[in-house]
Amino acid sequence: EAPEDEGDHDRDRRLMSSLPAKVYGKRRYLEYQATWWPEAALQGVLAIQRRFRPRPSDVLLASYPKSGTTWMKALVFAIMSRKVYPLRDHPLLRLNPHDCVVQLLGAYATGKEAVVEALPSPRIMASHMPFSTLPASVVDANSGCKIVYVWRDPKDVLVSLWHYYSKLRPEEAHLSEFHDLYESFCRGDTVFGPWWDNVLGYFRASVEMPTRVLFLRYEDMLEDTASNVVAIADFLGCPFSAEEERAGVVDAIVKLCSFEELKNLDTNMSGSNGLLLKLPSSSYFRKGVAGDWMDHMTREMADRIDTIVQAKLQGSDLEI
Ligand code: A3P
């Protein structure tokens with residue numbers, strides 16, 4: 001029986017103590033809404049579900065980790081703010097993309113939700129939360145919020161994740177062996193849910209609500225960034241004018257946000273950022289290519305992931 005004067009904090013604590021738990025490496029994980037969460041992250045999820053107040057002009061950048069979030073943050077920020085910041089002297093030249101677009105879960109998990117509340121409209125926010133765990137107020141047909149989701153070949157996601165864990169997270173030693181991480185990935189035992197659930201949740205939402213959810217593929221963006229930039233601007237309701245196109249604004253945004261350009265900026269070669277986890281700014285720019293998995297797994301390992309993923313995606317019209 002809940003005490004009458006129970007606040008959000010106590011309520012969440014009580015809920016968390018009732019959830020299935022497991023210890024993995026040095027971290028305790030709790031299962032909530034079909035996803036295993038590190039405890040601190042779950043506090044953020046519960047706070048978002050209780051208190052996040054969407055605005056009709058909100059834009060949420062969603063992704064599974066290591067799928068191109070940094071790039072999407074830079075692109076959407078540059079597209080939406082192009083009338084305010086001339087591209088020649090743009091904040092992205094001085095700030096890491098993660099300092100330009102707030103991580104929703106990180107903010108709520110670290111008690112910084114007031115930062116999100118104080119952002120002027122239109123707000124751009126990012127999250128790896130599965131679609132099924134977003135607050136109903138965001139998903140609601142009347143919320144008006146737009147979601148841009150980027151996904152990527154799961155084999156390259158896995159390789160990128162492995163570099164991330166093995167170089168940056170010594171405390172997660174149990175994930176630093178490629179083979180162990182590979183097995184976890186194949187079991188769907190990864191943070192932010194199984195890769196296929198995360199991707200399918202947003203894919204289905206994009207089919208049901210095409211004006212609300214834009215579903216983009218990292219490899220397609222690499223192949224033709226300019227037409228994806230145009231598509232993102234159209235989707236967000238800030239299309240490029242003929243005059244802008246003639247003046248080369250689209251190409252200038254593509255160049256500003258390109259891997260080579262961002263990776264070599266002083267701001268991205270030094271320093272660190274992040275809310276729940278502080279990471280070197282340089283760590284977000286590794287190779288930025290498609291197909292790096294070929295240097296890390298055998299054909300058999302690749303075929304096994306493809307087979308597992310294809311089975312999970314079956315019947316969905318989504319193909320890897
Ligand atoms: P690799 O590790 O394969 O190089 P996230 O931003 O979701 O953490 O994803 C990181 C991946 O995106 C890394 O992949 C990183 O190199 C790549 N990346 C970062 N910025 C990029 C950019 N501007 N263009 C293309 N890829 C980029």
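This passage walks through the ligand site, one helix and a few unusual backbone geometries in a predicted model.

The ligand makes a good place to start. On its own the ligand has 570 Å² of accessible area, and the protein covers 97% of that area. Around the ligand are 18 residues, and those that come nearest are Thr69, Thr70, Ser160, Arg286 and Lys287. By character, the shell divides into 7 nonpolar, 7 polar and 4 charged residues. Helix α3, spanning residues 69-80, gives the largest share of this shell, with 3 residues. Both α3 and α15 (259-263) supply at least two residues each.

Backbone atoms also come into the picture at this site. A backbone N or O atom of serine 67 lies 3.1 Å from an oxygen atom of the ligand. For glycine 68, a polar backbone atom is likewise 3.1 Å from a ligand oxygen atom. Cysteine 257 brings a polar backbone atom to 2.9 Å from a nitrogen atom of the ligand.

Helix α12 comes next, running over residues 225-235. Its buried residues are Thr225, Asn228, Val229, Ile232, Ala233 and Phe235. These residues lie on the same side of α12 because they cover an arc of only 160° around the axis. Which elements are included in what covers this buried set? Among them are the helices α3, α11 (218-223) and α14 (249-256), together with the strands β7 (146-151) and β8 (213-217). Helix α3 therefore appears in two settings, as part of the cover over the buried residues of α12 and as a contributor to the shell around the ligand. After α12 comes glycine 237, which has a positive phi near 80°.

A few backbone details round off the description. Most residues other than glycine have a negative phi, and most peptide bonds are trans. Against that background, two residues that are not glycine can be pointed out. Glutamine 33 has a positive phi of about 50° and lies in the loop between β2 (27-32) and β3 (35-38). With a relative accessible area of 36%, glutamine 33 is partly exposed. Lysine 66 has a positive phi of about 70°, and its place is the loop between β4 (59-63) and α3.

Where is the cis peptide bond that involves proline 122? The bond joins serine 121 and proline 122, with omega at about -5°. Proline 122 itself is found in the loop between α6 (113-118) and β6 (124-127).

Methods. Residues are numbered from 1 along each chain as its sequence is written. This is a predicted model: local features need pLDDT of at least 70, side-chain atom pairs count only at pLDDT 80 or more; totals for chains, interfaces and linings use all residues. Side-chain values use heavy atoms; hydrogens and water are left out. Buried means under 20% relative accessible area, exposed over 50%, partly exposed in between (1.4 Å probe, protein chains only). Helices (H or I, at least four residues) and strands (E, at least two) are DSSP runs, numbered from the N terminus. The arc is that of the directions from the helix axis to the C-beta atoms. Contact means heavy atoms within 4.5 Å. A residue is near a molecule or strand if one of its heavy atoms lies within 4 Å of it. A polar contact is a pair of N or O atoms within 3.5 Å; within protein, one must be able to donate a hydrogen and the other to accept it, and residues adjacent in sequence count only if both atoms are side-chain atoms. Accessible areas come from the Shrake-Rupley method with a 1.4 Å probe; for residues, only the protein chains shown count as cover. Ala, Val, Leu, Ile, Met, Phe, Trp, Tyr, Cys and Pro count as nonpolar, Asp, Glu, Lys and Arg as charged, and the others, Gly among them, as polar.
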